[in-house]
Amino acid sequence: MSLTWPRERRITRRAEYTACYNGGERRSTKYFIVFARHSDLSGTGRLGLAVTKKCGNAVARNRIKRVLRSFFRLHQHKMPPMDIVVTPKKHLRADKFSLSLAEDELLPLLAELSASGVQSVSDSSGDAA
RNA sequence: GGAGUUGGACGGGCUGUCGCCGCGGACGUACGUCCGGGGAGGAAAGUCCGGGCUUCGCAGGGCAGGAUGCUGGCUAACGGCCAGAGCGGGUGACCGCUGGAAAGCGCAACAGAAAGCAGACCGCCGCUCUUCGGAGCGGUAAGGGUGAAACGGUGAGGUAAGAGCUCACCGGCUGGCGUGGCGACACGUCAGGCCAGGCAAGCCCCAUCCGAAGCAAAACCAAAUAGGGAAACCGGCCGGCCCGGCCCAUGGUUUCCGGGUAGGUUGCUUGAAGGCGCGGGUAACCGCGUCUCUAGAGGAAUGACAGCCGCCGCUUUCGGGCGGUACAAAACCCGGCUUAUAGUCCGACUCCCUUU
RNA sequence: CGGGAUGUAGCGCAGUCUGGGAGCGCACUUGAAUGGGGUUCAAGGGGUCGCUAGUUCAAAUCUAGUCAUCCCGA
């Protein structure tokens, strides 16, 4: 199975971000807030990262984004077909952050989202049929 | 050996797996696949200056406003750099500062008699009066005390007491001349007058410079919706009809046009570029020759995870073990400045101690 | 990219323009008043004036640099 993650699987418009913030589900863990919304495109989900200045300087913010992107790339087969926006909380320390920490934090949440997402997809497809 | 001053270079390396963003080539109808090659810094940072570039404005000049400020040079330009001058600090290597206060206005708390065209509290001296304690008038500015700062210093003459009042020397100032230097200035000499305080990072004066905005600049392509302009046809009114005119809730349909939003493309990296060599210059820098191409995104790539090796601490049973490995990431591009930075290496110089 | 504001006692602010004593309110401590508490009255303590340099006799105030926070415009 391929583990690529091209640009088409990212959220690149401000309107799409605000749609996730306003019309999506909101879950939170110890270090992250996750907004998830049903994708307009069929099939694949997309990822958006919003790392604010409160998380540190540019080097720290870049590291957080890269680790999160790597996490979603390696676990993309567990990802539901939704638009997901991840925002770290401000007490996340970039120098202590790693892939294993991201897995501990986000894997249960991903499973939870995919359960509810699959259910809603089957509901909507049933209505269409 | 110790302490220090100053200039420069670097700021992790290798391998594997899985990835990301541009570029070139091949296959290929589009989509896509494969191959090759590239992909953060000395400060990319702060955004404090200067320039290029783009659009707008502009006959020329002035005012206002802002910036800079010893001299000479470098530069596209600069508030930058280099070389020098004066002053200050340091034993020294070396470091720091810089227009004008005899154009004018203004300011100086408290203390002190007095804080700025000088003046006189205690003193000192003379005269007059006296109740013998002193008081009044006048002279004086050497001495005292205050303050951050009190209108030259020392000595002699002089005097009632004194005083640049006079003289000598010293210090400082102004002007002239000579020598050296492109110049800031230095040195020498003559004359004057004995004195002219501080603050311009208070207002100000003088000299020089400055049009404004910024790549979200700007150019091009250009939906949907609303509105604008033009033409044709239809409709209504004036009218018997045509021509013509009007439709003031400026009626409806079609076509065309221009502006322009979302969006897209360009701007976008070959440049006051870098390396090496030679030459000129004390240097900053400049000239010539030759070689190289070195990120170009657009919610924003340059990574994640392993392993080995460096480097630095702590520890050790000398096999090793544990921990750490800075600051900080391009966003139109350059030249500087400022600030942050674990450590490593190299050059030059100064002072002290020891040995020969 | 461009522009602006703020930083002073535990908290909220004045003082900065025009340089000389660091202040106001709440809070805190002590005392009075009450049987006790609150209210009230009186007295008191507490400040590297964000930081670092410079100008000045003297800096919260002036100048330069720097740090942090906040707010605008495109």
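**View 1. What kinds of residues make up the surface near RNA strand B?** By class, eight nonpolar, five polar and eight charged residues are found there. Keep in mind as you look around that this is a predicted model. Among the 21 residues around the RNA, the ones that come nearest are Ile-11, Arg-14, Asn-62, Arg-66 and Arg-73. Now flip to the RNA's side of things: of its atoms within 4 Å of the protein, 67% belong to sugar or phosphate, and the rest belong to bases.

**View 2. Zooming in on some contacts with RNA strand B.** Start with Trp-5, where a polar backbone atom sits 3.3 Å from a phosphate oxygen of the RNA. Ile-11 also uses a polar backbone atom, but its partner is a sugar or linking oxygen, 2.5 Å away. With Arg-63, it's the side chain that joins in: one of its polar atoms lies 3.0 Å from a phosphate oxygen of RNA strand B. As for the elements that give two or more residues to this surface, they are helix 1 (14-23) and helix 2 (58-74). Which one gives the largest share? That's helix 2, with eight residues.

**View 3. An open sheet of four strands.** Read across the sheet and the strands come in the order 1-2-4-3, with mixed pairing. Strand 1 (25-28) and strand 3 (46-49) are the edge strands, so to speak the sheet's borders, and each pairs on one side only. Ignoring direction, neighbouring strands in this sheet are turned against each other by 20 degrees on average.

**View 4. Strand 1 meets strand 2.** Here's one pairing up close. Strand 1 and strand 2 (residues 32-38) run antiparallel, and four bridges join them. Want a spot to look for? Find Ser-28, which stands opposite Ile-33 in strand 2.

**View 5. Two cysteines that stay apart.** A disulfide is a covalent bond between the sulfur atoms of two cysteines. How many disulfides does a search of the whole structure find? Zero. Cys-20 is in no disulfide, and the nearest cysteine sulfur, the one in Cys-55, is 18 Å away. Why no bond for Cys-55? Because its closest cysteine sulfur, in Cys-20, is 18 Å off, and that's too far for a bond. A pair would need its sulfur atoms within 2.5 Å. So are these cysteines buried or exposed? Cys-20 counts as buried because its relative accessibility is 0%. Cys-55 counts as buried too, at 7% relative accessibility.

Definitions and conventions
Residues numbered from 1 in each chain as written. Chains lettered and ligands numbered in written order. Predicted model: local features only at pLDDT ≥ 70, side-chain atom pairs only at ≥ 80, totals over all residues. Heavy atoms only, no water. Buried < 20%, exposed > 50% of the residue type's maximum accessible area, 1.4 Å probe, protein only. Pairing = 2+ DSSP bridges. Axes fitted to C-alpha atoms, helices over the stretch in contact; angles between N-to-C directions. Near = heavy atom within 4 Å. Polar contact = N/O pair within 3.5 Å; in protein donor to acceptor, adjacent residues only side chain to side chain. Nonpolar A, V, L, I, M, F, W, Y, C, P; charged D, E, K, R; others polar.
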